[in-house]
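Here are my comments on the structure you sent round. They are set out as numbered points.

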Amino acid sequence: MHADDLSPRQAKVLQLIESYIEEHDYPPTIQELCELGGVSSTSTMHQHVKALEHKGYLSPQNGRKRSLALIGQEPRGIPLIGQVAAGTAIEAIENVERYVDVPAIMFRKRPDYLLRVRGDSMIDAGIHDGDWIAIRKADTAQPGEIVIAMRDGDVTVKELSIEAGYVVLKPHNKAMKPIRIPPDEVSIVGVYTGGLMRPS
């Protein structure tokens, strides 16, 4: 039973979110909430969600696609947050698509999120188009590690190397050439943990 400080519509929205998370193990998007609640306006639904956040029933959305977490309830599993490849906008890895239950024993270090790979630049490392890779958030990495690197708002997965003062992002595909970049034009946003999943 919900507290008396909720309007009937707010209580209904909260009930929809709770039911969706219970069924799917991840929260709904605003659009999905609109469809479930029979609301045509996403701005109206945003107002209800903001009211629930203000009253302490939901954690702040922070602009992410699936972040309607209930207060006191952590999402289960590791978040899958989009695709990574050369030319993919960094915003693609900020939207949680779903949460995936993954045994911690699969990885050397517990990853922060999973990414779906697009392209074949890392096939010789066993990373194929459509695979899910496990990533630990990091802003630094050691040469030889496979990293998620960002340049000009785009992200890519490559092996990190340092040569003659340049950052070199090496593909694991003999048909592709390494990318040489001045260090002030590239940043590391994650490190591949060594775990690999294919979607079921």
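The points below go from the overall make-up to the helix contact, the salt bridges and one strand residue.

1. Status of the model. This is a predicted model, and every remark below should be read on that footing.

2. Overall make-up. The protein contains three helices and 10 strands. Their order from the N terminus is α-α-α-β-β-β-β-β-β-β-β-β-β, so the helices precede the strands along the chain.

3. Burial and contacts. The protein has 200 residues, and 43% of them count as buried. Among contacts with a separation of 6 or more, 55% are between residues 24 or more positions apart.

4. Helix 1 against helix 2. How do the axes of helix 1 and helix 2 cross? Helix 1 covers residues 8-24 and helix 2 residues 30-37; their axes come within 10 Å and cross at roughly 115°. The two helices are therefore roughly perpendicular to each other. Their crossing is right-handed.

5. Residues of that contact. Helix 1 contributes Arg 9, Val 13, Leu 16, Ile 17 and Tyr 20, which meet Glu 32, Leu 33, Leu 36 and Gly 37 of helix 2. By type, the residues of this contact are six nonpolar, one polar and two charged. The polar one is Gly 37, because Gly is counted with the polar residues. The charged ones are Arg 9 and Glu 32, because Arg and Glu belong to the charged class.

6. Salt bridges, helix 3. The search of the whole structure returns four salt bridges. One of them joins Glu 53 to Lys 50, with the closest N and O atoms 3.6 Å apart. Both residues belong to helix 3 (residues 42-54) and are three residues apart, about one turn of the helix. Buried or exposed: which word fits Glu 53? Glu 53 is buried, because its relative accessible area is 15% and the cut-off for buried is under 20%. Lys 50, at 48%, is partly exposed.

7. Salt bridge between strand 6 and a loop. Arg 151 pairs with Glu 185, the closest N and O atoms being 3.5 Å apart. Arg 151 is in strand 6 (residues 146-151), whereas Glu 185 is in the loop between strand 9 (179-181) and strand 10 (187-197), so this pair ties together parts that are 34 residues apart in sequence. Both partners count as partly exposed: the relative accessibility of Arg 151 is 31%, and that of Glu 185 is 38%.

8. A salt-bridge network. Lys 170 forms a salt bridge with Glu 163, again with the closest N and O atoms 3.5 Å apart. Which residues make up the network that this pair belongs to? Glu 163, Lys 170 and Arg 180 are joined into one network by salt bridges that share partners. Lys 170 is partly exposed, with a relative accessible area of 27%, and Glu 163 counts as partly exposed at 30%.

9. Ile 162. This residue is located in strand 7 (residues 154-163). Ile 162 counts as partly exposed, because its relative accessibility is 48% and exposed requires over 50%. What does Ile 162 touch, leaving aside its neighbours within four places in sequence? It is in contact with Pro 143 and Val 167. The C-alpha atoms of Ile 162 and Gln 142 are 9.2 Å apart, while the two residues are 20 apart in sequence.

Key: Residues are numbered from 1 along each chain as its sequence is written. This is a predicted model: local features need pLDDT of at least 70, side-chain atom pairs count only at pLDDT 80 or more; totals for chains, interfaces and linings use all residues. Side-chain values use heavy atoms; hydrogens and water are left out. A salt bridge is a side-chain nitrogen of Lys or Arg within 4 Å of a carboxyl oxygen of Asp or Glu. Helices (H or I, at least four residues) and strands (E, at least two) are DSSP runs, numbered from the N terminus. Buried means under 20% relative accessible area, exposed over 50%, partly exposed in between (1.4 Å probe, protein chains only). Axes are lines fitted to C-alpha atoms, for helices over the stretch in contact, and angles run from 0 to 180 degrees between N-to-C directions. Angles under 35 degrees count as roughly parallel, over 145 as roughly antiparallel, 65 to 115 as roughly perpendicular and the rest as oblique. A crossing is left-handed if the near helix is turned anticlockwise from the far one by less than a right angle, and right-handed if clockwise. Contact means heavy atoms within 4.5 Å.
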